[in-house]
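Let's work through a small protein together. Take a moment with the sequence and the model before you start.

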Amino acid sequence: MSEYIFNKSWCKGCGVCVAFCPKKALTLDEIAEKMERDPEKCIYCGLCEHYCPDLAITVVKDRKPKEAK
Ligand code: SF4
């Protein structure tokens, strides 16, 4: 299961993530100056996390559930 964690309070709305997203899954709300993501388009590639200067995004792709012992 993949997970997308966005810390909105750390986002200053620079738009770097929007520019680098290969699936055009991100948009910038010009009024709120915050990023919005379309989960239907996102492929969890992690580029937005990599380029975010404010460390506001964490992408965890295909996290495997822990096995019971
Ligand atoms: S993980 Fe990749 S596809 Fe998803 S929003 Fe970020 S850059 Fe776009």
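Four exercises follow, each with a worked solution.

This is a predicted model, in which local features need pLDDT of at least 70, side-chain atom pairs count only at pLDDT 80 or more, and totals for chains, interfaces and linings use all residues. Residues are numbered from 1 along each chain as its sequence is written.

**Exercise 1. Describe the fold and the confidence in it.**

Start with the elements: the protein has 2 helices and 4 strands, taken as DSSP runs numbered from the N terminus (helices H or I, at least four residues; strands E, at least two). Next, read them along the sequence, which gives β-α-β-β-α-β. The C-alpha trace spans about 50 × 25 × 20 Å along its principal axes. Finally, turn to pLDDT, the predictor's confidence in each residue from 0 to 100. Its mean is 91, and 96% of the residues reach 70 or more. Among the elements, helix H2 (residues 47-51) has the highest mean, 97, and strand S3 (residues 34-37) the lowest, 90.

**Exercise 2. Find the largest nonpolar core.**

First, the burial: 14% of the 69 residues count as buried, that is, with 20 or more other C-beta atoms within 10 Å of their own (exposed: 12 or fewer; partly exposed: in between; C-beta atoms placed from the backbone). A nonpolar core joins buried Ala, Val, Leu, Ile, Met, Phe, Trp, Tyr and Cys residues through C-beta atoms within 7 Å. The largest has 10 residues, among them Phe6, Cys17, Cys21, Met35, Cys48 and Ile57. Ala25 also belongs to this core. Beyond its neighbours within four places in sequence, Ala25 is in contact with Arg37, Asp38, Lys41 and Cys42 (contact: C-beta atoms, placed from the backbone, within 7 Å).

**Exercise 3. Characterise the surroundings of the ligand.**

Count the shell: 13 residues surround the ligand, each with its C-beta atom, placed from the backbone, within 6 Å of it. The closest are Cys21, Cys42, Cys45, Leu47 and Cys48. Then sort by class: 10 are nonpolar, 1 is polar and 2 are charged. Here Ala, Val, Leu, Ile, Met, Phe, Trp, Tyr, Cys and Pro count as nonpolar, Asp, Glu, Lys and Arg as charged, and the others, Gly among them, as polar.

**Exercise 4. Place two non-glycine residues with positive phi, and assess their exposure.**

Lys24 has a phi of about 55° and lies in the loop between helix H1 (16-20) and strand S2 (26-29). Lys24 counts as exposed because it has 9 C-beta neighbours inside 10 Å. Tyr44 has a phi near 60° and sits in the loop between S3 and H2. With 17 other C-beta atoms within 10 Å, Tyr44 is partly exposed.

Methods. Two residues are in contact if their C-beta atoms, placed from the backbone, lie within 7 Å.
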